[in-house]
Amino acid sequence: MNASPASLPEPRVKPTPGKAPARGWSFFIFGLLFLSLVQAAERPPAAAVASAHPAATRAGLEILQAGGNAFDAAVAVSAALAVVEPYSSGLGGGGFWLLHRTRDGYEVMIDGREKAPLAASRDMYLDSKGEPVKGASVDGPLAAGIPGEPAALAYLAKHYGRLPLKQSLQPAIRLAEEGFKVTPHYRRMAAFRLDVLRASPSAAKQFLLNSQVPPVGHIIRQPDLAKTLRALALKGKAGFYEGEVAQRLVQESRRHGGIWSLADFRQYRVKERKPVVGRYRGWRIVSAAPPSSGGVVLLEMLNMLSAKDLNGLKPADRVHYLVEVMRRAYADRARWLGDADYVQMPLQRLMSMAYARQLAKSIVMNKATPSSSLDSVRPEGHDTTHFSILDKDGNRVAATLSINYPFGSGFVAEGTGVLFNDEMDDFSIKPGVANVYGLVGAEANAIAPGKRMLSSMSPTFIENPDHVGILGTPGGSRIITMVLLGVLEAVEGRNVETWVSRPRFHHQYLPDVIQVEPGAFDAGLKAALERKGHVLDVKRRPWGNMQAIHWDRREQRVEAASDPRGMGAAQVEPH
């Protein structure tokens, strides 16, 4: 059931109406003092922002210092990342913003996920023989869903922020006008998508230099994007989804083979969704709900792990058990999960302990389970982005945003600066056919007009009486297992730097291999896993870019960390 701002729960303590009896004044005053102490205990000693780019972290801190709350800062960080990380997110994309409001404990997931255009059809990326057309769901405007991020930013500001949208968007507008410096990572992503960027004259002009990958230090200025951001700042959602901007986006889409319409833009709505909530070893886990698969798959994995003493296992047995848990949860992802507005999913069963125990019983400790025997139907993971925010009142945000593949579809609508996503590839374009991340799907995630495509984005809160954690990461199909490994580090009492930096491995049911970061496994561990029947795929590069915040309530300390694999910045601001 979706919550709405109008039906938010009341604060836990209400003022007593009328005049208190004289003999009750001492109790009344004591109650006020007790309440103030409780509220003070709920306030962290510092605010913090961790994001994938230093400029975005500075934007969030600027808004916090101007009197904004975590939700205002989330608007600022999201918009700044849309400017400086065009290979990861943007106004032409979408995402999920997980919110916790301290004053009443209210938690909600703001669903700004893209939607299939109304003219979309189930087999739109298949040829006359029913086979996928190469690149059709990835490159160019036909690959783009209707963007959700601009609507989500306006919604956050209106319903949860303290500051006007116009103020929270100012840092991003400055960045678009003044520009940012090209980094080695920008060059790698631009080189990877060079051909598709060249195919769009506006994209080539905006992101390349003379149709070549720009050198390190070159300044990328985006005046058209600044203009679009100003329209959003002045008119709110209407500044993007109506009027000149919407008309230009639709015209450019259709002129270059896309199917967007003004009706798509008029009908786009942000959704408030109840987060997925579970428990693991005394910790409360809060994560993303469908159309994200993240929370469901994460809790299914944690439920299977809850009866196992991982620390009591030998290294090869520990990795083996984790891989078998990942394999089973991802198989359920492929079979069951999709957009809750379009398909019925057995979520209660998938996240039940009884079901987890049933799955765990099928794990054999000395032998890998072939994925083909389960009853269910590639790039390095730097596209998509994540940030975490904690403000001085204890409000918190975990947000994961995306345009899917690096630089999305590679198409920019002339005069807008808006880079189109290619999130349509996240649908199951044909049952059993893998998308660009190797994920397969079934009927639950088939294309339908107006439907939201399934996602792996997993913004997550973890909490027990002494600790609060805020975390998430980009990484395509590997997002959920990275968050799992980060949660396990937190539960085992390791510091926040370890959450974001620990070596990673991943299994997603199909392909039936363990993907391994370089250097994550030594020769002995590799050999032991191969003897159990596992096939290892050691990648050339590490993956992910986790951003995390840890509030130690017992020690009254706040720490933040950015993944050393990326170029992000984590900063703590004392009161």
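**Helix 4.** I began with helix 4, residues 149-159, in this predicted model. Helix 4 lies across strand 2, strand 3, strand 6 and strand 10. I looked up its direction: helix 4 runs at about 20° to strand 2.

**The sheet.** Next I traced the strands. I found an open sheet of seven strands. Their order is 6-3-2-10-9-1-18, and the pairing is antiparallel. Which strands form the edges? I noted strand 6 (271-273) and strand 18 (569-574), each of which pairs on one side only. I then checked the twist. On average, neighbouring strands of this sheet are turned by 15° against each other, direction ignored.

**Helix 3.** I moved on to helix 3, residues 70-84, which also packs on the sheet. I listed what helix 3 touches: strand 1 (46-51), strand 2, strand 9 (385-390) and strand 10 (396-402). The direction of helix 3 makes about 155° with that of strand 9.

**Strands 2 and 3.** I took one strand pair in detail. Strand 2 covers residues 94-101 and strand 3 covers residues 106-112. How many bridges join them? I recorded seven, in the antiparallel sense. Within this pair, I found Trp97 opposite Ile110 in strand 3.

**Aromatic pairs.** I turned to the rings. The structure holds 15 aromatic pairs. I picked out Phe180 and Tyr186, an edge-to-face pair. Their centres are 6.1 Å apart, with 65° between the planes. Are Phe180 and Tyr186 buried or exposed? I have Phe180 down as buried, and Tyr186 as buried too.

I then looked at Tyr241 and Tyr268. This pair is stacked, at 5.8 Å centre to centre and 15° between the planes. Stacked fits the cut-off, because planes under 30 degrees apart count as such. Where do the two residues lie? I placed Tyr241 in helix 11 (residues 238-241) and Tyr268 in the loop between helix 13 (262-267) and strand 6. The pair therefore ties together parts that are 27 residues apart in sequence. I checked burial here as well: Tyr241 is buried, and so is Tyr268.

I followed the ring pairs outward from there. They link Tyr241 and Tyr268 into a cluster with Phe240, Trp260, Phe265, Phe411 and Phe420.

**Charges over rings.** Last, I looked up two arginines. The charged end of Arg396 sits over the ring of Phe461, 5.2 Å from its centre. For Arg553, I found the charged end over the ring of Trp551, at 5.1 Å from the ring centre.

Note on methods
Residues are numbered from 1 along each chain as its sequence is written. This is a predicted model: local features need pLDDT of at least 70, side-chain atom pairs count only at pLDDT 80 or more; totals for chains, interfaces and linings use all residues. Side-chain values use heavy atoms; hydrogens and water are left out. Two strands pair if DSSP finds at least two bridges between them. Helices (H or I, at least four residues) and strands (E, at least two) are DSSP runs, numbered from the N terminus. Axes are lines fitted to C-alpha atoms, for helices over the stretch in contact, and angles run from 0 to 180 degrees between N-to-C directions. Contact means heavy atoms within 4.5 Å. Rings of Phe, Tyr and Trp (its six-membered ring) pair if their centres lie within 6.5 Å; planes under 30 degrees apart count as stacked, over 60 as edge-to-face and the rest as tilted. Buried means under 20% relative accessible area, exposed over 50%, partly exposed in between (1.4 Å probe, protein chains only). A charge sits over a ring if NZ of Lys or CZ of Arg is within 6 Å of the ring centre and within 35 degrees of the ring normal.
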